[in-house]
Number of protein chains: 2
Amino acid sequence: MPGTLSVIPGNYSGLPVIFTEAMEKQKTIKDIAQALGISTSTVSRALRDAWDVKAETKKAVKALAEKFNYEPNRLAISLLKRQTHTIGVIIPNLDYVLATMVKGIDEVALEAGYTVMVCQSDESYGREIVNTNRLLDSLVDGFIFSVSSETKVYEHIKKIQAKKKPLVQFDRVVNAIKTPIVRLDNIEGGYQATKHLIEQGYKKIAILAGPENLNISNKRMEGFEKALREHDIKLNKHFSIHCDFNQQYAYEATRELLNTRNRPDAIFTISDRMAIGAMLAIKEKKLNMPMDIGLVGFNNEPVTNLVTPSISSVEMFAFEIGKAAAKRFLEVLHSEEDLSDQEIVIKPKMVVRESSRRIPLKDIS
Amino acid sequence: MPGTLSVIPGNYSGLPVIFTEAMEKQKTIKDIAQALGISTSTVSRALRDAWDVKAETKKAVKALAEKFNYEPNRLAISLLKRQTHTIGVIIPNLDYVLATMVKGIDEVALEAGYTVMVCQSDESYGREIVNTNRLLDSLVDGFIFSVSSETKVYEHIKKIQAKKKPLVQFDRVVNAIKTPIVRLDNIEGGYQATKHLIEQGYKKIAILAGPENLNISNKRMEGFEKALREHDIKLNKHFSIHCDFNQQYAYEATRELLNTRNRPDAIFTISDRMAIGAMLAIKEKKLNMPMDIGLVGFNNEPVTNLVTPSISSVEMFAFEIGKAAAKRFLEVLHSEEDLSDQEIVIKPKMVVRESSRRIPLKDIS
DNA sequence: TTTAATTCCGATAACCTTGCCGGGAACGTT
DNA sequence: AACGTTCCCGGCAAGGTTATCGGAATTAAA
C-alpha cells in the first residue's frame, strides 16, 4: 500500500519503513495477469506481440505493464533459455593496450545487446583460474580470452571448451588450444622494427623480450631474427635478453647490457614500457639517442610521443583488435560453423620517431 | 553414452558428433537424486552439510557429485535468492586513473566472492543510461558509480535507488544524489598544488579546469582559490579557464593563455593529461620550465615522471579509492544501517618535480 | 504400554518466464 | 447436419535450486 506505514521482514533497524510507490516490489507478469483476470501465458504472449492474442487484450496488457513499470526478470529467462547475454573477458591486466582493446570489445558487445564481465588476472596464473571458474559458473555465454604471462598450463581453458562454451583468444594467445584467434602479426611487427633499425645504419641490435613462454614475445623475436638474417647480420645470443614484462626489469637489463665490452648500438624492446626502462638506463649512461644508440618500442602508446627524445614504436591497433575479437566471438556464438582453425591477423605499422632516426627525412628521398 | 556415435539436434554440420564424457550435459541435483534413489531435497541438504541428513547419505551424495562433476546452477540460485553476487561498475572511461581504481575494486570484490561488471560510458550521457539500464535488468546486486563528465541529469541514477539497489559513488560524485561516497579530498588537492606554486614564488597562477558541471574540477578549483586568498593574491578571472577534459583542448587553451599580454607565470591543471597538453604549448613558446613558467598536474600518472622536465603532480591514491569504494559497497550491502550520508575522504599528496621547482631543495633547509 | 523426543527424509511451493498442447467458441464449407 | 478452420486463451511443464512443513521410523522416557 503506497504511503502506508509498515514493517518489512528482514528490517532489523527498528525503524518503520514507509512504502512508497517507487519502493514496491518489482511487478511480474503474474501480477498483471491477476489484475486483468487472465492467465500469465496470455500476458507473456501479449507482451511479445504474438499473433494469437486479441488486439484489445494486448492493449490492456501493455497499458498495465507500463503502469506497473513492469520489466521482465532476465534471470528467469536466462534460466529457461540457458543463455545470459553476457560475455566473460579474461585479461592479464588493464594497462593502456588491454584497456584499449577492452574498449573495442565493449563497443561491439554493447551494440549487439551483450554485457561484458571483465576480470583481470594481474598476470597471475592462480587468479586467472579463479576468474575463469567464477565466470564459468556465473554462466556467461562464452569467453574472450587473453592469457597471463605466467600461464603455462591450460586446463582451465580446456574446461571452458569441455563445457562447450564459445571461446575466442585475442592478443596474447596460446596455440596449444584450438580456438578462433584475433591477434597482431607479431612476426611482422618485430620484422618491421628491426628492419627499420638496420636501414638506419645500426649494426649491433639487441632485443629485450618478455618471459620465454609468452607467445607474442617469441613471435616478435622471430621477426627480429628474420630481419637480421635477411640482412646478413649474425645473431649475437648475448643480445637476446628475456626479462620480465615491465619497466624496472627492462631498466636493469639495459644497464647491464650497456656495461658489457661489446655493447649494442640499438635496442628493440617488445613493449613501450620496457622501452621507457631502457631509455632511462641509456640516459643515465649519458649516451646520445639516436646517434650513439637507437631505440624502438612496441604498442605505440601515447607516452612514446611525449618523452624526449620521442620513441619510435610499432602501432598495433589495439582498439581494432578488440572490436574484431568481439565480432568474431558473436560469429562463433551464432553460427554453426567451426571457426576454431581461423585466425584474424592485424598488420602492425612502424612509427618512426626521434629515438631511432639517424638519417634525416630529407636525405632519404 | 560416452564414445557412442550420434547426431545432436541443431548440428547442421553434416558430420556425426562423438559424445565424450566431457561433452555431456551439466548434471543437476535431480540427476544425483535419481541415481541414488532419493529426493532432490535430500541431495540439496547433503551438499550443504545440513544437520538433518545421515552421514552415510551425505557421503554417497558427495561422492556421486564429485563423479558427476556436479556444479550448482548459479542462475537458479540467484533467481531464488534474488541476488547475483555481481557488482555493476559504471565509469566514464578506462584511462590510467579509472583503470587503477577498477583494479582496486576488482581486488576487494574477488576476495569477497563477487564478480564485477564494468561498463564504460565513454563520457557519454546516453551510453551511461544504456549501461545503467542494462546492468539494472541484468540484476546486479548493486552499483559502484562514477558519473561521466557529460551527465547533468540524474534520473537513471535515481532509478537505481528506486529499485532499492545498493549504490556507492566514487571519484566523480554528484552531491545531488544522496549515497555513500568514496572520494579524494579535491579541495585539499587543489590547495596543496596552488600553495606549492605560491611558495615557489609564482605570482600569476592560472588554472585549467574541466567542464563546469564536473564536481571534482570545481572542488579542485575551490582549493585553488582558497590558497590564493590565504596568500592575499587577487583572483584574476581570466586565469580560470574551463575546457574539455583532454590533452588537445588543454594545449589550445594554454596557447591562447600564453599569447595574452599579461600571461600567467604558472599553470595548475586538474589532470595530468591536461598538464601534458599545457606542456606542449609551453615548449612550443620556447618558455623555460620552471623558470619562466611553472606547471603542476593532477593524478600523479607515471608519465609525469618520464617527460622532460618532469611534471609536478598531486597523488590521488586511485587504487586505495577503488578498494575503499568496494569495501564500502559491501558494507552497504550487508548492513542494515543507512550509510548514505557518510563520505570516505582520501587525502591527496603533493609530489614536487622539475616543472615547478624553482628553489633547489638544498636552499630550503 | 503409552507418550515424548529424536533422526532422517520426501513432498510441495516458490523464484519468473516461456513453449507446447489442447480446447472452446465462432465461423465457413460441404 | 457434420466437418474443417480460424481465433483466442488457459493449463501445464520446464529450467535448477532451496525452505518449510509434515511424517515415518526409531529410540528414550514415563
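Q: Is B:Arg127 buried or exposed in this predicted model?
A: Let's begin with where to look: B:Arg127 is part of helix 6 of chain B, residues 125-137. Its relative accessibility is 18%. The cut-off for buried is under 20%, so B:Arg127 counts as buried.

Q: Which residues of chain A does B:Arg127 touch, not counting residues up to four places away in sequence?
A: Some of the residues around B:Arg127 belong to chain B, namely B:Gln120, B:Ser121 and B:Asp122. The others belong to chain A, and they are A:Asp106, A:Glu107 and A:Leu110.

Q: How far apart are the closest N and O atoms of B:Glu107 and A:Arg127?
A: Here the arginine comes from chain A and the glutamate from chain B, and the two form a salt bridge. A salt bridge needs a nitrogen and an oxygen within 4 Å. For this pair the closest N and O atoms are 3.5 Å apart.

Q: How many salt bridges are there between chain A and chain B?
A: The contact between the chains involves 53 residues of chain A and 53 residues of chain B. Residue pairs in polar contact, with both at pLDDT 80 or more, number 10. For salt bridges between chain A and chain B, the count is eight.

Q: Which three residues supply 15% of the area that chain A buries against chain B?
A: Together the two chains bury about 4,600 Å², and 56% of that is on carbon and sulfur atoms. No other three residues of chain A supply more of its share than this trio. They are A:Leu75, A:Leu110 and A:Leu306.

Q: How many charged residues are on the side of chain A that touches chain B?
A: Several elements each supply at least two residues to this side, including helix 5 (96-111), strand 4 (115-120) and helix 6 (125-137). By class, the side has 24 nonpolar and 14 polar residues. The charged residues number 15.

Q: Which residues of strand 3 of chain A point the other way from A:Thr86, A:Gly88 and A:Ile90?
A: In a regular strand, side chains alternate between the two faces of the sheet. Strand 3 of chain A covers residues 86-91, and six of its six residues are buried. Opposite to A:Thr86, A:Gly88 and A:Ile90 point A:Ile87, A:Val89 and A:Ile91.

Q: Which residue of strand 4 of chain A does A:Ile90 stand opposite?
A: Strands 3 and 4 of chain A pair in the parallel sense, over six bridges. Across from A:Ile90 in strand 4 stands A:Cys119.

Q: What is the bridge partner of A:Phe170 in strand 7 of chain A?
A: Strand 6 of chain A (residues 167-170) pairs with strand 7 in the parallel sense over two bridges. In strand 7, A:Ile181 and A:Arg183 point one way and A:Val182 and A:Leu184 the other, and all are buried. The bridge partner of A:Phe170 is A:Val182.

Q: In strand 13 of chain A, which residue stands opposite A:Ile181?
A: Strand 7 of chain A also pairs with strand 13 (residues 343-346), in the parallel sense over four bridges. Opposite A:Ile181 stands A:Glu343.

Q: What is the relative accessible area of A:Thr179?
A: A:Thr179 lies in the loop between strand 6 and strand 7 of chain A. Beyond its neighbours within four places in sequence, A:Thr179 is in contact with residues including A:Gln161, A:Leu167 and A:Ser340. A:Thr179 is buried, with a relative accessible area of 3%.

Q: Which side chain is joined to that of A:Thr179 by a polar contact of 3.1 Å?
A: The residues in contact with A:Thr179 include A:Gln169 and A:Gln342. The polar contact of 3.1 Å joins its side chain to that of A:Gln169.

How values were computed: Residues are numbered from 1 along each chain as its sequence is written. Chains are lettered from A and ligands numbered from 1 in the order in which they are written. This is a predicted model: local features need pLDDT of at least 70, side-chain atom pairs count only at pLDDT 80 or more; totals for chains, interfaces and linings use all residues. Side-chain values use heavy atoms; hydrogens and water are left out. Contact means heavy atoms within 4.5 Å. Buried area is the accessible area (1.4 Å probe) that two parts lose on being put together, summed over both. A salt bridge is a side-chain nitrogen of Lys or Arg within 4 Å of a carboxyl oxygen of Asp or Glu. A polar contact is a pair of N or O atoms within 3.5 Å; within protein, one must be able to donate a hydrogen and the other to accept it, and residues adjacent in sequence count only if both atoms are side-chain atoms. Ala, Val, Leu, Ile, Met, Phe, Trp, Tyr, Cys and Pro count as nonpolar, Asp, Glu, Lys and Arg as charged, and the others, Gly among them, as polar. Buried means under 20% relative accessible area, exposed over 50%, partly exposed in between (1.4 Å probe, protein chains only). Two strands pair if DSSP finds at least two bridges between them.
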